[in-house]
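Visitor: I have a chain open on my screen and would like a friendly tour. Could you walk me through it?

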Amino acid sequence: MSKRVFLRGLRDGVPIGLGYLAVSFGIGISAHSAHLSVFQGFLLSFLNNASSGEYGGITIIAADSGLLAMAAMMLVVNARYLLMSCALSQHLSPDTPLAWRMLIAYDLTDEIFGLAIAQPGYLDVWYYVGAMCAAMPGWSLGTVLGVLMGNLMPAWAESGFSVMLFGMFLAIIIPVGKQNRIVLGCIGVSFLCSLLASVLPFTRELSEGMRILVLTIVISAAAAILFPHKEDDLVA
């Protein structure tokens with residue numbers, strides 16, 4: 001039974017792995033631009049399967065902003081996984097061992113979470129492990145290929161490929177912004193504030209990573225205060 005469930009998870013995770021292979025290529029290019037080695041890029045992706053979190057970490061490394069800024073950035077950018085973990089824990093059998101729960105937490109990504117939460121009844125851990133085994137190699141391999149290609153490509157080509165990740169972020173936020181004017185407004189404000197922060201006397205003295213961190217906290221907090229979700233919206 002566990003073997004069949006594992007293979008089903010492996011099958012469902014293949015499309016995710018292929019998508020990760022393409023997206024993480026841009027991560028690899030960014031890692032190369034930050035002067036990370038192939039092994040460092042692989043290890044970064046193997047231990048941190050989160051596109052926004054990983055890119056934020058690479059930005060901090062490239063800006064040499066320090067460990068405190070790195071820790072704060074990871075906490076803010078990956079905060080959504082706290083909510084996803086709470087939701088997924090309710091989908092696990094109460095007698096699921098702690099070791100299995102920790103394994104699931106290690107590779108809790110948006111896409112695998114979507115697969116897991118859609119399973120009827122309690123989630124079979126072997127299904128999740130199967131999806132992980134399909135997705136994780138794609139993410140790590142794509143990063144390695146990106147770093148290797150960054151070593152071989154001329155500077156102008158590397159600069160062009162480095163915008164792949166920004167394209168992925170736009171593909172994530174624009175459809176949501178079209179459906180929700182508040183989100184669209186936050187996107188516009190974020191662009192404007194980022195531009196202003198790079199030229200104003202005080203904020204331009206901050207590192208790029210610190211500016212991103214401050215803007216992320218301020219804008220998200222302001223949006224949460226000004227446009228809170230109603231309880232009915234959360235239930236829906």
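Visitor: Where does Ser93 lie?

Guide: Happy to start there, bearing in mind that this is a predicted model. Helix H5 covers residues 80-89 and helix H6 covers 98-106. Ser93 falls in the loop between H5 and H6.

Visitor: Is Ser93 buried or exposed?

Guide: The cut-off for buried is under 20% relative accessible area. Ser93 has a relative accessible area of 17%, so it counts as buried.

Visitor: Which residue has a side chain joined to that of Ser93 by a polar contact?

Guide: Two kinds of neighbour are worth separating here. Leaving out residues up to four places away in sequence, Ser93 touches Arg101 and Tyr122. The side-chain polar contact, at 2.4 Å, is with Asp95.

Visitor: Is Ala79 buried, exposed or partly exposed?

Guide: Ala79 sits in another loop, between helix H4 (67-77) and H5. Partly exposed covers the range between under 20% and over 50%. With a relative accessible area of 32%, Ala79 is therefore partly exposed.

Visitor: At which residue does H1 have a kink?

Guide: Helix H1 runs over residues 2-33 and reaches 43 Å from its first C-alpha to its last, close to the 46 Å expected. There is a kink of about 35 degrees in H1, shortly before the proline Pro15. The residue at the kink is Gly13.

Visitor: Which helix supplies the largest share of the largest nonpolar core?

Guide: In soluble globular proteins, nonpolar side chains tend to be buried together. Here the largest nonpolar core has 30 residues, and those with the most contacts inside it include Leu88, Ile104 and Tyr128. H1, helix H3 (51-63), H5, helix H7 (110-117) and helix H8 (125-152) each give at least two residues to this core. The largest share, 10 residues, comes from H8.

Visitor: Which residues does Tyr128 touch, not counting residues up to four places away in sequence?

Guide: Tyr128 is one of the residues with the most contacts inside that core. Its partners include Asp107, Thr109 and Ala116. The others it touches are Leu88, Ile104, Leu108, Ile112 and Leu123.

Visitor: Which element has the lowest mean pLDDT?

Guide: For the chain, the mean pLDDT is 81, and 85% of residues reach 70 or more. Over residues 231-236, though, the pLDDT is below 50, and this stretch has 1 contact beyond near neighbours in sequence. Where pLDDT is low, the predicted coordinates should not be read in detail. Among the elements, H6 has the highest mean (90), while the lowest (44) belongs to helix H13.

Definitions and conventions
Residues numbered from 1 in each chain as written. Predicted model: local features only at pLDDT ≥ 70, side-chain atom pairs only at ≥ 80, totals over all residues. Heavy atoms only, no water. Helix = DSSP H or I, 4+ residues; strand = E, 2+ residues; numbered from the N terminus. Buried < 20%, exposed > 50% of the residue type's maximum accessible area, 1.4 Å probe, protein only. Polar contact = N/O pair within 3.5 Å; in protein donor to acceptor, adjacent residues only side chain to side chain. Contact = heavy atoms within 4.5 Å. Expected span 1.5 Å × (residues − 1). Bend = angle between axes of the 7 residues up to and from the residue. Core = buried A, V, L, I, M, F, W, Y, C linked by side-chain atoms within 4.5 Å. pLDDT = per-residue confidence, 0-100.
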